[in-house]
Amino acid sequence: MKVGLIGRRGSGKTTIFNMLTGLDAQVGGYAGSDKGEIHLGVIKVPDQRIDRLAEIYQPKKTTYAEIRFTDFPASQGKDDLKAGSDLLSQMREVEAMALVLRDFDVQAEPLKELDNLLAEMILADLVVVENRLARLKKEKGKEQESLLLERCRKALENEESLRSLSLTPDEEALLSGFGFLSRKPLLALFNTSDERAGQPLLRAYEEELRRRAIQGLALAGKVEMEIAQLNEADREVFLKEIGIEEPARARFIRASYRLLDLISFLTTGKDEVRAWTIKRGTTAKKAAGKIHSDIERGFIRAEVVPYEDFIVLGSEAKCREAGKLRLEGKDYSVQDGDIIHFRFNV
Ligand SMILES: Nc1nc2c(ncn2[C@@H]2O[C@H](COP(=O)(O)OP(=O)(O)OP(=O)(O)O)[C@@H](O)[C@H]2O)c(=O)[nH]1
Ligand SMILES: [Mg+2]
């Protein structure tokens, strides 16, 4: 999964990037010490099921699901999302956006920041839609696309995001190539002061977000970054001391999975124990394609054991005896925690 960190200059994007990745990218980029670089980082998604399965199988390789973060610099001008900018085209590549909102001092106006960012994204998308529509006028046989883009234009002109449109899978596919910002799943990250570390999102914010149909999360970027950069033993002590139950990284990962409606299925064996991230509702055949296109193409069936059953019974053989191993066809909707062996034929 690719997540972009986006926000105003000095809102704490790099601070939060460091917190999430445990890296040590230069903060305070706005002061000129770094020249607006993009930072990239990858984290493994902690998964106790994988830990447990690795203990049982002792595989050669253990692979967790991953999230890839891109920390975007705020651009030099005031409008970060100027049409045609390089930054903008890179933002179109991410699958989800985390908007970092400054909420750590008295001058902070996180909701205003949020609304401005949302408005900029709508504007950026509108430019793309209008350019494309102008070009389509000269082309034949693109009626469906034109009609759809007209619908998009109407929404955007009414200052509504493209998230608000309900689309058929076909329409979705037509739009996917544009990478519209206002259609990307969005998480609002309120970067609070250290004193509010570990506290949930303010009620007032929650209500405002609900009105905008956006999910939010509060984190105290600065102190949580410092915690993330400690070694594991010190981290535990420190977290207790300031009363944080769970590091913000774990909360962030869970919120992202919820936001994107993602689940994991698991594969096991002597070679590798691995978690695979898919969208809820993905069929067995499509899930197989996540591993390899050959397995999708030659799909015969999926042998499925739910993780919980496997742990209770202790082995695949016992699961088989107890009738917990199911044979599922290509249209089976994969469930979170399914341990799957795919049978296929190439
Ligand atoms: N007090 C306090 N300061 C913070 C917090 N988060 C960030 N800062 C400070 O705000 C400044 C900007 O932080 P960065 O993380 O570099 O902000 P940024 O959004 O990456 O900035 P640009 O990349 O320039 O747009 C730094 O000096 C941080 O120490 C916070 O939670 N509390
Ligand atoms: Mg930065």
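The lining of the second largest cavity has three nonpolar, two polar and one charged residues by class. Its members are Thr192, Arg196, Gln199, Pro200, Leu202 and Ala218. The volume of this second largest cavity is about 40 Å³. Please keep in mind that this is a predicted model.

How many cavities of 30 Å³ or more are there? The count is two. The largest cavity holds about 50 Å³ of space. Tyr57, Thr268, Glu303, Val305, Phe310, Glu316, Leu325, Ile339 and His341 make up its lining. By class, that lining has five nonpolar, two polar and two charged residues. Which strands each supply at least two residues of the lining of the largest cavity? They are strand 10, residues 299-306, and strand 12, residues 338-344.

Glu303 takes us from the cavities to the salt bridges. This residue lines the largest cavity, and Glu303 also forms a salt bridge with Arg301, with the closest N and O atoms 3.5 Å apart. Is Glu303 buried or exposed? Glu303 has a relative accessible area of 6%, under the 20% cut-off, so it counts as buried. Its partner Arg301 is at 32% relative accessibility and therefore counts as partly exposed.

Now the salt bridges as a group. The count comes to 29. In general, side chains of opposite charge can pair when their charged atoms come close. I will take two further pairs and one network.

The first pair is Asp261 and Arg280, a salt bridge with its closest N and O atoms 2.8 Å apart. This pair links distant parts of the chain, the two residues being 19 residues apart. Asp261 sits in the loop between helix 10 (248-260) and strand 8 (262-267). Arg280 sits in the loop between strand 9 (272-279) and helix 11 (284-291). As for accessibility, Asp261 is partly exposed, with a relative accessible area of 32%. Arg280 has a relative accessible area of 51%; the cut-off for exposed is over 50%, so Arg280 counts as exposed.

The other pair is Glu139 with Lys142. Their side chains meet in a salt bridge, 3.1 Å from N to O. Glu139 has a relative accessible area of 33% and is partly exposed. Lys142 is partly exposed as well, with a relative accessible area of 32%.

Then the network. Which residues are linked in a network of salt bridges? They are Asp115, Glu208, Arg211 and Arg212.

Last, one arginine and its surroundings. Arg49 is found in helix 2, which covers residues 48-57. Is Arg49 buried or exposed? Its relative accessibility is 18%, and buried means under 20%, so Arg49 counts as buried. The side chain of Arg49 makes a polar contact with the side chain of Asp336, at 3.3 Å. Setting aside neighbours within four places in sequence, Arg49 is in contact with Ser264, Leu266, Tyr307, Asp336 and Gly337.

To go back over the main points: there are two cavities of 30 Å³ or more, and the count of salt bridges is 29. Glu303 appears in both parts of the talk, in the lining of the largest cavity and in the salt bridge with Arg301. Arg49 is buried and has Asp336 as a polar partner.

Notes: Residues are numbered from 1 along each chain as its sequence is written. Chains are lettered from A and ligands numbered from 1 in the order in which they are written. This is a predicted model: local features need pLDDT of at least 70, side-chain atom pairs count only at pLDDT 80 or more; totals for chains, interfaces and linings use all residues. Side-chain values use heavy atoms; hydrogens and water are left out. A salt bridge is a side-chain nitrogen of Lys or Arg within 4 Å of a carboxyl oxygen of Asp or Glu. Buried means under 20% relative accessible area, exposed over 50%, partly exposed in between (1.4 Å probe, protein chains only). Helices (H or I, at least four residues) and strands (E, at least two) are DSSP runs, numbered from the N terminus. A polar contact is a pair of N or O atoms within 3.5 Å; within protein, one must be able to donate a hydrogen and the other to accept it, and residues adjacent in sequence count only if both atoms are side-chain atoms. Contact means heavy atoms within 4.5 Å. On a 1 Å grid over the protein atoms alone, a cavity is a set of points where a 1.4 Å probe fits but cannot get out, and a pocket is an open set with protein on both sides within 12 Å along at least five of seven lines; lining residues have an atom within 4 Å of a point. Grid points are joined across faces, edges and corners, and a volume is the space filled by probe spheres set on the points. Ala, Val, Leu, Ile, Met, Phe, Trp, Tyr, Cys and Pro count as nonpolar, Asp, Glu, Lys and Arg as charged, and the others, Gly among them, as polar.
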